[in-house]
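User: I would like to go through some labels assigned to this protein and hear the reasoning behind each. Please start once the structure is shown.

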Amino acid sequence: MSEQASSTLRVAQSLGHWDQRSERLDRITRLTRTIFDVRWTSITVLDDEQAWFPSAQGFDQRVMPREDTFCNHTARADEEVRVADATLDLRFQGLPAVVNDGIRFYAGVPLRDPAGHTVGVFCLYDDRVRELDADEQQTLEDLAAWAEQELLASAEMVHASQVQNSMLPAGPIRLAGWSVHGMCLPALAVGGDLFDYAVSDEVLHVGIGDVMGKGTGAALLGAGVRSALRSTHQAVVAGVDLGVTVTQVARALDPDLRRAGAFVTLVEGAIDLDDGYFRYVDAGSGLCLVVRADGTVERLRSDDLPLGILSDAHWTERSTSLEPGDRMLLFSDGLLDLVEDQVEWWKPIGAMVAAYGDTTDLLGHVAELTARMQPSDDVTVVAVFRAAE
């Protein structure tokens, strides 16, 4: 596959997997329709066989065969195409849009990636024969440049979200007597929250973190934090103090965090799956609850600072035990936006944990709340349930 085809296909796949059209792109096509007083406008992305419409005004169709579109000719020509009357143009007069929908006028401007490859087309359509004067032509090019920026930014954000999701645990862990599941629901396409869990040598490593800020920058820092913590797992299994390993990670990340002006709150722990002994470090989070089998809610916390605040800070290992029937929830502060009691928030969150017998059901409830209430921050949770004997 050529470099241009690969670039076009990547954008098409990213945009084509959206369940809804992009409001960022819709603002442009709505404005364009008003400025030019045309019946239809669209931003079109083409793959090898299909034409996708991540934004369109005047029609609702999301996808059609590439060969049936005006934009197919624009993309192949790799230059702006204007047609005053499509019924008189041999290239277009047989298209379904001309024969069935009455399109006469068309103007299409290629949208290119930074390497100059055409990845989409910005389009005007009308059922009247018409031309564009010099001012209208300049306005069309200006709007197309705006659409190009938004299209590429949107595609990159979708792609970044896919990459970020691929770095998270693939699914729940279910072992004899234990169930572990987590999810991250970013406020934007990508978020600064991170979580991880894995088992090695009968030890469950579990952690959650929150990088100050949102978006791509926070996501990049979060990926670095997650990778650094994963590199310490074998040392933790060997019995190295978690305070020591987290301090080492903080020292390694400190230059990057300082350059970015960011810090990270964190809970990182290790559970012995044989006896439930739980060692952990809380770096400025305080968002970890244990709901005991008898319904008692315990908050696990410490006075240790987040990573990135002081270069010479140290972190301390603490411990508790998860007995049969106990449940633990690690979460980011986005979850606090979903409960009414912001003062004693651990009570409704503890009740939420106690209400569900399975980690997947609990996460499903949190996802439903998030979709309904639309918090302004990322919502990330990791649930660890130990079955009752």
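Analyst: This is a predicted model. A first case is Ser302, which is buried at a relative accessible area of 19%.

User: Why is Ser302 called buried?

Analyst: Buried means under 20% relative accessible area. Ser302 has 19%, so the label applies. Ser302 sits in the loop between strand S14 (297-299) and strand S15 (318-321).

User: What makes the approach of Ser302 to the backbone oxygen of Asp282 a polar contact?

Analyst: A polar atom of the Ser302 side chain lies 2.7 Å from that oxygen, and the limit is within 3.5 Å, with one atom able to donate a hydrogen and the other to accept it. The Ser302 side chain also reaches the backbone nitrogen of Asp304 at 3.3 Å.

User: Why does Asp85 have no salt bridge?

Analyst: The nearest side chain of opposite charge, Arg104, is 4.2 Å away. A salt bridge needs a side-chain nitrogen of Lys or Arg within 4 Å of a carboxyl oxygen of Asp or Glu, so this pair does not qualify. Asp85 is nevertheless buried, and its side chain makes a polar contact with the side chain of Thr87 at 2.6 Å.

User: How do you know that Arg230 and Asp196 form a salt bridge?

Analyst: Their side chains meet at 2.5 Å, N to O, and the cut-off is within 4 Å, so the pair passes. Arg230 lies in helix H6 (residues 215-230) and Asp196 in strand S9 (residues 193-200), so the bridge ties together parts that are 34 residues apart in sequence.

User: Are the two partners buried or exposed, and why?

Analyst: Asp196, at 9% relative accessibility, counts as buried. Arg230, at 35%, counts as partly exposed, because that class covers values between 20% and 50%.

User: Why is Arg259 called exposed, and what is the label for Asp256?

Analyst: Exposed means over 50%, and Arg259 has a relative accessible area of 64%. Asp256, at 35%, counts as partly exposed. The two side chains meet in a salt bridge (2.4 Å, N to O), and both residues lie in helix H8 (residues 242-260), three residues apart, about one turn of the helix.

User: How confident is the predictor overall, and where does pLDDT stay under 50?

Analyst: The mean pLDDT of the protein is 88, and 88% of its residues reach 70 or more. Over residues 12-20 pLDDT stays under 50.

Definitions and conventions. Residues numbered from 1 in each chain as written. Predicted model: local features only at pLDDT ≥ 70, side-chain atom pairs only at ≥ 80, totals over all residues. Heavy atoms only, no water. pLDDT = per-residue confidence, 0-100. Contact = heavy atoms within 4.5 Å. Buried < 20%, exposed > 50% of the residue type's maximum accessible area, 1.4 Å probe, protein only. Lys, Arg positive; Asp, Glu negative; His and termini not counted. Helix = DSSP H or I, 4+ residues; strand = E, 2+ residues; numbered from the N terminus.
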